[in-house]
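User: I've got a model open and want to talk through it piece by piece. Can you take my questions as they come?

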Amino acid sequence: MEIIIEEISRGHKLLSRHKLDQPRVTIGRGYQNDIILTDPHVCAKHLNLEFNGESWLAHDEDTVNGSYLEKNKQSVNHHTINSGDIISLGKSQIRILFPDHPVEESLAFSPFESLINFMRHPMMLFTSILLFSMVAGVVFYLNKPVDVTFTQLLVPAIGMTLLFALWPLVIALISHLTKNDARVWNQLGVCFAFFNLMWLSDVIESILDFNFSANWPLAGFITLLPIALAFALFWLNCYIGFHMTAARRLTIAASLTTLLFGGSYLVQMSNKPDFSIHPQYNATIMTPGFLFTPSSNVDTFIHDSQGLFTRAQQAAKEK
């Protein structure tokens, strides 16, 4: 005679669950009901479930908006309930289950769980945030044309850190509001770890640009590195904060990545003039220590240049 009644959303997300052991269950907006719904489209006395000794029957209380089965939109009045039936009452939905209803196989922990738990460790989280703040301060210092004090670096570094912390906090808030586990520390740990990886990708890109020309074959691959990192971050945000299918997780991560980088590209294109008489110039300045191969001295450079001109003249005479 036991019955389980779940209140679910339109997307079949569980909102509440009740297990009752009685022959009659009343559902409605009135406070005298066994299951109380807050939907204003549900009547005070809306639906009765009664056990006749063999099966459960549903009876609609001649309500304004009725009670219908989700799968075929038929009225549930005098309907014999099957385990798993979903009934719509107003804009609310309930799912009815019996104790012998089969459950899905248990899910093994994903290998990402160990990584996520490692990132949320207080020491690791503190290190990631501190490293991000330090890099932000260095970037601010390098972009300043005048000398600045440590205090002047501290304020923008902390400000940028707090600004970037808004993203994992917003994700955790949305997760909490949608009845999922917020896991704030996990979101912060993973986000700042990936923010630091994005700083590292910028450094790698600058070093490679310093050593190679713009038409270097792997230049496109290096450009795709931050896009891949952003996609992985959004995927992990969805994995940590929400219960959803793998396909939906991939779709949301791809959409957010496209929105982020596609929007940035459109803004750059809208601000870019159609034609510029000035050549493109990369102002990246690095010490020779960042070169993959040591540079030659002046005498060697002159000697090699003269040899090049000599070979070119000989080739021209042969033709």
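User: Which strand is L89 found in?

Analyst: Bear in mind that this is a predicted model. With that said, the strand in question spans residues 85-89. L89 is found in β9.

User: Is L89 buried or exposed?

Analyst: The cut-off for buried is under 20% relative accessible area. L89 has a relative accessible area of 0%, so the label is buried.

User: How far apart in space are L89 and D39, C-alpha to C-alpha?

Analyst: In sequence, L89 and D39 are 50 residues apart. In space, the C-alpha to C-alpha distance between L89 and D39 is 8.7 Å.

User: On to charges. How many salt bridges does a search of the whole structure find?

Analyst: As background, side chains of opposite charge can pair when their charged atoms come close. Searching the whole structure for salt bridges gives a count of five.

User: Which residue forms a salt bridge with R17, and is that partner buried or exposed?

Analyst: R17 meets E6 through their side chains, at 2.8 Å from N to O. R17 sits in strand β2 (residues 14-20) and E6 in strand β1 (residues 3-8), so this salt bridge ties together parts 11 residues apart in sequence. R17 counts as exposed because its relative accessibility is 53%. The partner, E6, is at 4% relative accessibility and therefore counts as buried.

User: R95 forms a salt bridge with E6 too, so how many residues apart in sequence are the parts that this pair ties together?

Analyst: The closest N and O atoms of R95 and E6 are 2.8 Å apart. R95 belongs to strand β10 (residues 92-97), while E6 is in strand β1, so the parts tied together are separated in sequence by 89 residues.

User: What about R24: which residue does its side chain meet in a salt bridge, and how exposed is that residue?

Analyst: The side chains of R24 and E50 make a salt bridge at 3.2 Å, N to O. R24 is in strand β3 (residues 24-28) and E50 in strand β5 (residues 47-51), so to speak a link between distant parts of the chain, 26 residues apart. R24 has a relative accessible area of 40%, so it is partly exposed. At 31% relative accessibility, E50 likewise counts as partly exposed.

User: Which residues are joined into one network by salt bridges that share partners?

Analyst: R17 forms a salt bridge with E6, and R95 forms one with E6 as well. Through shared partners, the one network joins E6, R17 and R95.

User: Let's look at the helices. What angle do α2 and α3 pack at, and what does that make them?

Analyst: Helix α2 (residues 122-142) and α3 have their axes 8 Å apart, and the packing angle is about 125°. That makes α2 oblique to α3. The crossing of α2 past α3 is right-handed. To put the value and the name together, it's about 125°, which means oblique.

User: And at roughly what angle do the axes of α3 and α4 cross?

Analyst: Those two axes come within 9 Å of each other. α3 passes α4 in a right-handed crossing. The angle for α3 and α4 is roughly 135°, which makes α3 oblique to α4.

User: Which helix gives the most to the nonpolar patch on the surface?

Analyst: The patch is formed by M160, L163, F164, L166, L169, V170, I174, V184 and W185, with about 770 Å² of accessible area together. The elements giving two or more residues to the patch are α3 (150-177) and α4 (184-211). With seven residues, the top contributor is α3.

User: How exposed is L166?

Analyst: L166 lies in helix α3 and is one of the residues forming the nonpolar patch. Its relative accessibility is 47%, so L166 counts as partly exposed.

User: Last one, on backbone torsions. Where are K73 and R183, given their positive phi values?

Analyst: Phi of K73 is near 60°, positive in a residue other than glycine, and R183, also not a glycine, has a phi of about 50°. K73 counts as exposed because its relative accessibility is 56%. As for places, K73 is in the loop between β7 (67-69) and β8 (79-80), and R183 is in the loop between α3 and α4.

Methods
Residues numbered from 1 in each chain as written. Predicted model: local features only at pLDDT ≥ 70, side-chain atom pairs only at ≥ 80, totals over all residues. Heavy atoms only, no water. Patch = residues over 30% accessible without salt bridge, like charges linked within 9 Å, V, L, I, M, F, W, Y side chains within 5 Å. Areas by Shrake-Rupley, 256 points an atom, 1.4 Å probe, with all protein chains shown as cover. Salt bridge = Lys/Arg side-chain N within 4 Å of Asp/Glu carboxyl O. Helix = DSSP H or I, 4+ residues; strand = E, 2+ residues; numbered from the N terminus. Buried < 20%, exposed > 50% of the residue type's maximum accessible area, 1.4 Å probe, protein only. Axes fitted to C-alpha atoms, helices over the stretch in contact; angles between N-to-C directions. Parallel < 35°, antiparallel > 145°, perpendicular 65-115°, else oblique. Left-handed = near helix turned anticlockwise from the far one by under 90°.
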